[in-house]
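Have the sequence at hand and turn the model slowly as you read. We will take a short walk through a few places in it.

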Amino acid sequence: QVQLVESGGGVVQAGDSLRLSCAASGRLFSTYAVGWFRQAPGKERQFVGAINDIGTMTYFAESVRGRFTLSRDNAKNMAYLQMNNLKPEDTAVYSCAAGVALSPVVLTPTPGGYDYWGQGTQVTVSS
C-alpha cells in the first residue's frame, strides 16, 4: 500500500514556473513508477509524464515536452514535477500516481497502469 500526497500548486502567471511535489508513504516506494496526470474542469484526465522506479527514464506528453521535467528522491520518498514556461492551458488539478515498476521498463500514459493515486493539487495559470 502506498499513500500519495501532492503539494506545490498555486496561481501563477503565464511564463512562470512551479514545482509540484508528491510525498509517498508506505512500503517500497522505490519499486514503483510514478506518473503525473492532470484534469481540467469538464475535460478528461490527461497524462502529463512518468518516471521509472530509479529515476533514470522519463516520458512526457507532447503538450508538455521540453517545458516539464520529472525527478524523484527515493531516499525521501518524494517525486517532483518541475513545470516551466507555464501556459493558461496547463490549468488543471494535477495528481501523482504510483504503479508497480515493470521490467523491462514500461512508462504507461494510461491511468489504469497505476495502482495508487493522490488527491491532487490545483494549478491555475493566468494569461
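What follows is a guided tour, from a central strand and its partners to a disulfide and then out to two loops.

Keep in mind that this is a predicted model. A good place to begin is strand E9, which covers residues 92–100. Of its 9 residues, 7 are buried, so E9 is largely enclosed by the rest of the structure.

Which strands pair with E9? One of them is E4, residues 32–39, which runs antiparallel to E9 over 8 bridges. To find your bearings along this pairing, look for glycine 35, which stands opposite alanine 97 of E9. Alanine 97 is also a useful marker for another pairing, as it stands opposite tryptophan 117 in E10. Strand E10 consists of residues 116–117, and 2 bridges join it to E9 in the antiparallel sense. E11 pairs with E9 as well, again antiparallel, over 3 bridges. Here you can pick out valine 93, whose bridge partner in E11 is glutamine 122.

While you are in E11, stop at threonine 121, since this strand spans residues 121–126 and includes that threonine. Is threonine 121 buried or exposed? Its relative accessible area is 11%, and a residue counts as buried when that value is under 20%, so threonine 121 is buried. Its surroundings come from several parts of the sequence: leaving out residues up to four places away, threonine 121 touches Glu6, Ser7, Gly8, Gly9, Leu20, Ala92, Val93 and Tyr94. With one of these, glycine 9, there is a polar contact: the threonine 121 side chain reaches the backbone nitrogen of glycine 9 at 3.2 Å. Val93, also on the contact list of threonine 121, is the valine that we just met as the bridge partner of glutamine 122.

Now return to E9 and look for sulfur. The model has 1 disulfide, and it is formed by cysteine 22 and cysteine 96, with 2.1 Å between their sulfur atoms. What does this bond tie together? Cysteine 22 belongs to strand E3, residues 18–26, while cysteine 96 belongs to E9, so the pair links parts that lie 74 residues apart in sequence. The torsion about the S-S bond is about 70°, so the disulfide is right-handed. Both ends are hidden from the surface: cysteine 22 is buried at a relative accessible area of 0%, and cysteine 96 is likewise buried at 0%.

Right beside cysteine 22 in the sequence you will find serine 21, also in strand E3. In a regular strand, side chains alternate between the two faces of the sheet. Serine 21 has a relative accessibility of 12%, so it too counts as buried. Setting aside neighbours within four places in sequence, serine 21 is in contact with Val5, Glu6, Ser7, Trp36, Met78, Ala79 and Tyr80.

Finally, let us visit two loops. Asparagine 77 sits in the loop between strand E7 (68–73) and strand E8 (78–83). Its phi is positive, about 55°, although asparagine 77 is not a glycine. With 21% relative accessibility, asparagine 77 counts as partly exposed. The next loop, between E8 and E9, holds asparagine 85. Asparagine 85 also has a positive phi, near 50°, in a residue other than glycine. At 41% relative accessibility, asparagine 85 is partly exposed as well. From this loop the chain leads back to E9, where our tour began.

Terms used. Residues are numbered from 1 along each chain as its sequence is written. This is a predicted model: local features need pLDDT of at least 70, side-chain atom pairs count only at pLDDT 80 or more; totals for chains, interfaces and linings use all residues. Side-chain values use heavy atoms; hydrogens and water are left out. Helices (H or I, at least four residues) and strands (E, at least two) are DSSP runs, numbered from the N terminus. Buried means under 20% relative accessible area, exposed over 50%, partly exposed in between (1.4 Å probe, protein chains only). A polar contact is a pair of N or O atoms within 3.5 Å; within protein, one must be able to donate a hydrogen and the other to accept it, and residues adjacent in sequence count only if both atoms are side-chain atoms. Contact means heavy atoms within 4.5 Å. A disulfide is a pair of cysteine sulfur atoms within 2.5 Å. Two strands pair if DSSP finds at least two bridges between them.
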